[in-house]
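Thanks for coming. I have one structure to go through today, and I will keep to the sheet and the charged side chains. Please have the sequence and the model open.

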Amino acid sequence: MSTYITPVLTTERLVLRPLAASDAPALYTIFSDPAVVRYWSAEPWTDISFAETAIARALEAYRDETELRFAVELVSSRALIGTVALHHFFNQNKRCELGYALGSAHWGKGYAFEAIAAALEHGFREVGLNRVEADIDPRNTASARVLEKLGFRKEGHMPQRWLVHGEYADTAFYGLLRDYWNDRVNH
């Protein structure tokens, strides 16, 4: 990765900032919701210690400069509504993976698009990324729409790649090049 410290990014409606220990209750609320983790390869969190562990890992990653994990909060209320992460950096190739989750009460309002766009802009402009990858369950059509609206292109389909909640799940693999991003932004 780069030598950049996780910054605070702002959009019209959102603030993207590093996670803090005080975020544990809100993070637990998000990831204990079965609807939020329906397409994740993990069960809903059952105890706040899951949130505390996730935050501790994020804080360590900030120190190691191995990922950019943002808490996503509303400007209007300062409520934490989700996370966006650029992670699994492959420095030699200037690429990474994208991860994101929003509390289900905040779905359908354009927040995911807004938060991911801010993180991608930072990744391409400041970190110097050339490629960002995302893998999603193809049944998660809302996530596919967000990625495609951001300029990601579907690059592949991998059957039964993950064991999710006791059943095998496929992966739809998406990629976004800096050139695609620049073309989207410039048009």
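I will start with the sheet, then move to the salt bridges, and end on one glutamate.

A word on the source: this is a predicted model.

The sheet is open and has eight strands, in the order β1-β2-β3-β4-β5-β6-β8-β7, with mixed pairing. At the edges stand β1, residues 9-10, and β7; each has a single partner strand, so one side of each is left without a neighbour in the sheet.

Now some of the pairings. Strand β4, residues 80-90, is antiparallel to strand β5, residues 95-102, and the two share seven bridges. Within that pair, valine 84 has tyrosine 100 of β5 as its bridge partner. Further along, β6 and β8 are also paired in the antiparallel sense, over six bridges. There, isoleucine 136 is partnered by alanine 172 in β8. On its other side β8 meets β7, again antiparallel, over eight bridges. Arginine 153 stands opposite glycine 175 of β8. The hairpin of β7 and β8 has two residues between the strands, and histidine 165 in this hairpin takes a positive phi near 50 degrees.

One helix belongs in this picture. Helix α3 lies across β1, β2, β3, β4, β5, β6 and β8, and runs at about 35 degrees to β4.

Next, the salt bridges. How many salt bridges does a search of the whole structure find? The count is 14. I will take three of them by name.

One is in helix α3. Glutamate 121 bridges to arginine 125, with the closest N and O atoms 2.9 Å apart. The two are four residues apart in helix α3, residues 111-127, so about one helical turn separates them. Both ends are partly exposed: glutamate 121 has 28% relative accessibility, and arginine 125 has 39%.

Another is in the sheet. Arginine 161 and aspartate 135 form a salt bridge through their side chains, at 3.0 Å from N to O. Arginine 161 is in strand β7, residues 153-164, and aspartate 135 is in strand β6, residues 131-136, so the pair ties together parts that are 26 residues apart in sequence. Arginine 161 is partly exposed at 37% relative accessibility, and aspartate 135 is partly exposed as well, at 31%.

There is also a network: salt bridges with shared partners join Arg17, Asp23, Glu73 and Arg78. The third bridge I want to name belongs here, between the side chains of arginine 17 and aspartate 23, at 2.7 Å from N to O. Are these two residues buried or exposed? Arginine 17 has a relative accessible area of 16%, and the cut-off for buried is under 20%, so arginine 17 counts as buried. Aspartate 23 is buried too, at 6% relative accessibility.

That leaves glutamate 73, another member of the network. Glutamate 73 sits in strand β3, residues 68-74, and is buried, with 4% relative accessibility. Its side chain makes a polar contact with the side chain of arginine 17 at 2.8 Å, and one with the side chain of arginine 78, also at 2.8 Å. Leaving out residues up to four places away in sequence, glutamate 73 touches eight residues by name: Arg13, Leu14, Val15, Arg17, Arg78, Ala79, Leu80 and Ile81.

That is the end of my part.

Key: Residues numbered from 1 in each chain as written. Predicted model: local features only at pLDDT ≥ 70, side-chain atom pairs only at ≥ 80, totals over all residues. Heavy atoms only, no water. Buried < 20%, exposed > 50% of the residue type's maximum accessible area, 1.4 Å probe, protein only. Polar contact = N/O pair within 3.5 Å; in protein donor to acceptor, adjacent residues only side chain to side chain. Contact = heavy atoms within 4.5 Å. Salt bridge = Lys/Arg side-chain N within 4 Å of Asp/Glu carboxyl O. Pairing = 2+ DSSP bridges. Axes fitted to C-alpha atoms, helices over the stretch in contact; angles between N-to-C directions.
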